[in-house]
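Let's take a friendly walk through this fold, beginning with its sheet and ending with one of its helices. Have the structure open beside you as you read.

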Amino acid sequence: MSSILLLEDEMSIRSFISLNLKKANLTVYEAETGEEALEIFHAHPDIDIALLDVMLPGIDGFEVCKEIRKKNQRIGIIMLTAKAQEDDKVIGLDTGADDYITKPFSMKELEARISSLLRRIKAIETVPKQNVISIPPFSLDKSNNTISKNNQLINLTPTEFELIKFLMENENQPISRDQLLDHVWGQSFVGDLKIVDVNIRRIRKKIEDCPSDPKFLKTYWGIGYIWKR
């Protein structure tokens with residue numbers, strides 16, 4: 001049974017979400033504050049997904065996201081925000097989130113986002129260990145969410161791993177943002193294309209010697225991105 005850490009300070013919203021997720025056969029750990037969420041995470045580090053409200057007193061959702069991501073690259077993180085401003089979305093993704101959903105949202109939409117993220121996580125866990133993509137100086141191990149450069153491992157989030165794997169599997173072929181969005185987030189995703197660009201920027205910071213002048217994960221102007229050997 002998959003497990004969810006739910007951080008939401010409004011009890012009525014938290015109870016509603018928790019009740020529906022439990023009906024979907026998910027284990028739910030509820031937290032009212034950022035401090036409480038981190039305590040739960042430290043007690044249950046194998047939690048599959050964290051749903052983090054952004055606007056909180058004390059430690060906010062962005063800080064909780066940062067702390068969780070420092071300790072666990074595998075966990076899926078979805079930010080819950082009452083604001084539709086572009087800055088909030090980008091900040092959440094830059095702190096390590098995989099996805100965001102803007103309030104008010106339907107449980108059907110939230111459950112679809114959770115299912116999509118769980119599929120990414122499970123896909124990483126079930127791929128045979130011998131399944132490796134080798135494009136020097138990189139070697140991507142499909143058995144986990146890591147890639148090595150010159151034999152130095154680089155940790156990736158589930159979303160980052162799926163993006164880079166798809167690009168490496170199609171090396172030297174331009175891949176559009178729409179293709180990346182459909183492959184990683186699913187065709188039912190209704191968010192902003194910018195989620196692709198923010199994740200690409202995060203990947204570049206991890207793999208490129210000069211992220212502002214990438215040598216491997218390059219922009220293919222007018223289309224999207226391309227992995228160059």
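A residue counts as buried here when its relative accessible area is under 20%. Please keep in mind that this is a predicted model.

**A well-covered strand**

By that cut-off, strand S1 is mostly covered, with 5 of its 5 residues buried. The cover reaches both faces of S1: Ser3, Leu5 and Leu7 are buried on one side, and Ile4 and Leu6 are buried on the other.

**The sheet around S1**

S1 belongs to an open sheet of 5 strands, paired in parallel and ordered S2-S1-S3-S4-S5. Strand S2 (27-31) and strand S5 (99-102) stand at the edges with a single partner strand each, so one side of each has no neighbour in the sheet. On average, neighbouring strands of this sheet are turned by 20° against each other, direction ignored.

In general, the strands of a sheet pair through backbone hydrogen bonds, in a parallel or an antiparallel way. In this model, S1 (residues 3-7) and S3 (residues 49-53) run parallel and are joined by 4 bridges. S1 and S2 also run parallel, with 5 bridges between them. The table lists some of the residue pairs involved.

| Residue in S1 | Opposite residue or bridge partner | Strand of the partner |
|---|---|---|
| Ser3 | Thr27 | S2 |
| Ile4 | Ile49 | S3 |
| Leu6 | Leu51 | S3 |

**Helices on the sheet**

Which strands does helix H1 touch as it packs on the sheet? Helix H1 (residues 11-23) touches S1, S2, S3 and strand S4 (76-81), and its direction makes about 170° with that of S2. Helix H2 (residues 34-43) packs on the sheet as well, touching S1 and S2, and the direction of H2 makes about 140° with that of S2. H1 also takes part in a right-handed β-α-β unit, together with S1 and S2.

**Helix H6**

Further along the chain lies helix H6 (residues 158-169). How far apart should the ends of its 12 residues be? At 1.5 Å a residue, H6 should span 16 Å, and its end C-alpha atoms are 16 Å apart, which agrees.

H6 is mostly covered too, with 11 of its 12 residues buried. Among the buried residues of H6 are Phe161, Leu163, Ile164, Phe166, Leu167 and Met168. The buried set of H6 also includes Glu160, Glu162 and Lys165, as well as Pro158 and Thr159. As a reminder for reading such a list, an α-helix has 3.6 residues a turn, so residues three or four places apart point the same way.

Key
Residues numbered from 1 in each chain as written. Predicted model: local features only at pLDDT ≥ 70, side-chain atom pairs only at ≥ 80, totals over all residues. Heavy atoms only, no water. Pairing = 2+ DSSP bridges. Helix = DSSP H or I, 4+ residues; strand = E, 2+ residues; numbered from the N terminus. Axes fitted to C-alpha atoms, helices over the stretch in contact; angles between N-to-C directions. Contact = heavy atoms within 4.5 Å. Buried < 20%, exposed > 50% of the residue type's maximum accessible area, 1.4 Å probe, protein only. Right-handed = clockwise from strand over helix to strand, strands pointing away. Expected span 1.5 Å × (residues − 1).
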